[in-house]
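Here is a quick walk through the model, taken one topic at a time. Keep the structure open beside you as you read.

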Amino acid sequence: MNTTYSFPPGPRSRPFFGNLLEFRRDQLGFFERMHQTYGPMATIHAGSRPMVLLFRPEYVRYILTENPRNFTSIQSSGGDLKEALGESLLTIEGDAHRQQRRLVQPAFHRKRVESYAEYMVQYTQEMVDTWQAGTEIDICHAMQELTLRIV
């Protein structure tokens, strides 16, 4: 059986690298351009593999929570995300994913998240207090560190 897929529009894919070089140069800018140019969905390529970017929360919800069995993840399509990140909620699928998700879900209940707010503000303020006027900050790295500290 030969199946063909129709993907949303996106930028032209370069040989071998797809769109990875442009993405690596300016990740946030790349996503902003994809959204501005192609709208709520865009197809990019990691090498020769197409990947669909979704820019609407309702699309993400549709795929991740309402119809996850209808979509293929990077892992099940031969990606090496599991090798890079290990076994976690981001890399496991099926029953194992559902079981792990149920275990961590209480930590994300609204009341629980609200109780974290004080720490989020405190840690953010502590980080910002170390910044000096006129100093260049790698905001992506800073946000990753802040997120890990909060977690």
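## Phe7 and its partners

Phe7 counts as partly exposed, as its relative accessibility is 41%. What you are looking at is a predicted model, so treat the numbers below as values computed from that model. Phe7 sits in the segment before helix H1, which covers 20–25. Setting aside neighbours within four places in sequence, Phe7 is in contact with Thr43, Pro50 and Val52. There's also a long step along the chain to look at here: Phe7 and Ala42 are 35 residues apart, yet their C-alpha atoms are separated by 8.1 Å.

Now take one of those partners, Pro50. You'll find Pro50 in strand E2, residues 49–54. Pro50 is partly exposed, with a relative accessible area of 30%. Beyond the neighbours within four places in sequence, Pro50 is in contact with Phe7, Thr43, Ile44 and His45. Pro50 can also be paired up with Ser13: the two are 37 residues apart along the chain, and 9.2 Å separates their C-alpha atoms.

## Pro11, in the segment before H1

Is Pro11 buried or exposed? Pro11 has a relative accessible area of 14%, and with the cut-off for buried at under 20%, Pro11 is therefore buried. Like Phe7, Pro11 belongs to the segment before H1.

Which residues does Pro11 touch, leaving aside those within four places in sequence? They are Asn19, Met34, Tyr38, Thr43 and Ile44. Thr43 turns up in the contacts of Phe7, of Pro11 and of Pro50, so keep an eye on Thr43 as you rotate the model. Ala42 comes back here too: the C-alpha atoms of Pro11 and Ala42 are 8.2 Å apart, with their positions 31 residues apart along the chain.

## Aromatic pairs

How many aromatic pairs does the structure hold? The count is 5. One of them joins Phe16 and Phe17: the ring centres are 4.9 Å apart and the planes stand at 80 degrees, so this pair is edge-to-face. For planes, over 60 degrees is what counts as edge-to-face. Phe16 is exposed, at a relative accessible area of 68%, while Phe17 is partly exposed at 38%. Phe16 is also in the segment before H1, and its backbone has a quirk: a positive phi of about 70 degrees, although Phe16 is not a glycine.

Phe30 and Phe31 make another edge-to-face pair, with 6.0 Å from centre to centre and 65 degrees between the planes. Phe30 counts as buried, with a relative accessibility of 0%. Phe31, at 30%, counts as partly exposed. Ring pairs also bring in Phe23, linking Phe23, Phe30 and Phe31 into a cluster.

## Where H6 meets H7

Next, the two helices H6 (residues 110–129) and H7 (residues 139–150). They pack at an angle of about 145 degrees, and their axes are 10 Å apart. The crossing is right-handed.

Which residues meet where H6 and H7 pack? From H6 come Met120, Tyr123, Thr124, Glu126 and Met127, and from H7 come Ala142, Met143, Leu146, Arg149 and Ile150. Sorted by class, this contact has 7 nonpolar, 1 polar and 2 charged residues.

## The whole chain

Zooming out, the chain has 7 helices and 2 strands. Reading from the N terminus, the elements go α-α-β-β-α-α-α-α-α.

What share of the chain is buried? Of the 151 residues, 14% are buried, and Pro11 and Phe30 are among the buried residues. The accessible surface of the chain is about 12,200 Å², and carbon and sulfur atoms supply 55% of that. As for contacts with a separation of 6 or more, 35% are between residues 24 or more positions apart.

Conventions
Residues numbered from 1 in each chain as written. Predicted model: local features only at pLDDT ≥ 70, side-chain atom pairs only at ≥ 80, totals over all residues. Heavy atoms only, no water. Axes fitted to C-alpha atoms, helices over the stretch in contact; angles between N-to-C directions. Helix = DSSP H or I, 4+ residues; strand = E, 2+ residues; numbered from the N terminus. Left-handed = near helix turned anticlockwise from the far one by under 90°. Contact = heavy atoms within 4.5 Å. Nonpolar A, V, L, I, M, F, W, Y, C, P; charged D, E, K, R; others polar. Phe/Tyr/Trp six-rings, centres within 6.5 Å; stacked < 30°, edge-to-face > 60°. Buried < 20%, exposed > 50% of the residue type's maximum accessible area, 1.4 Å probe, protein only. Areas by Shrake-Rupley, 256 points an atom, 1.4 Å probe, with all protein chains shown as cover.
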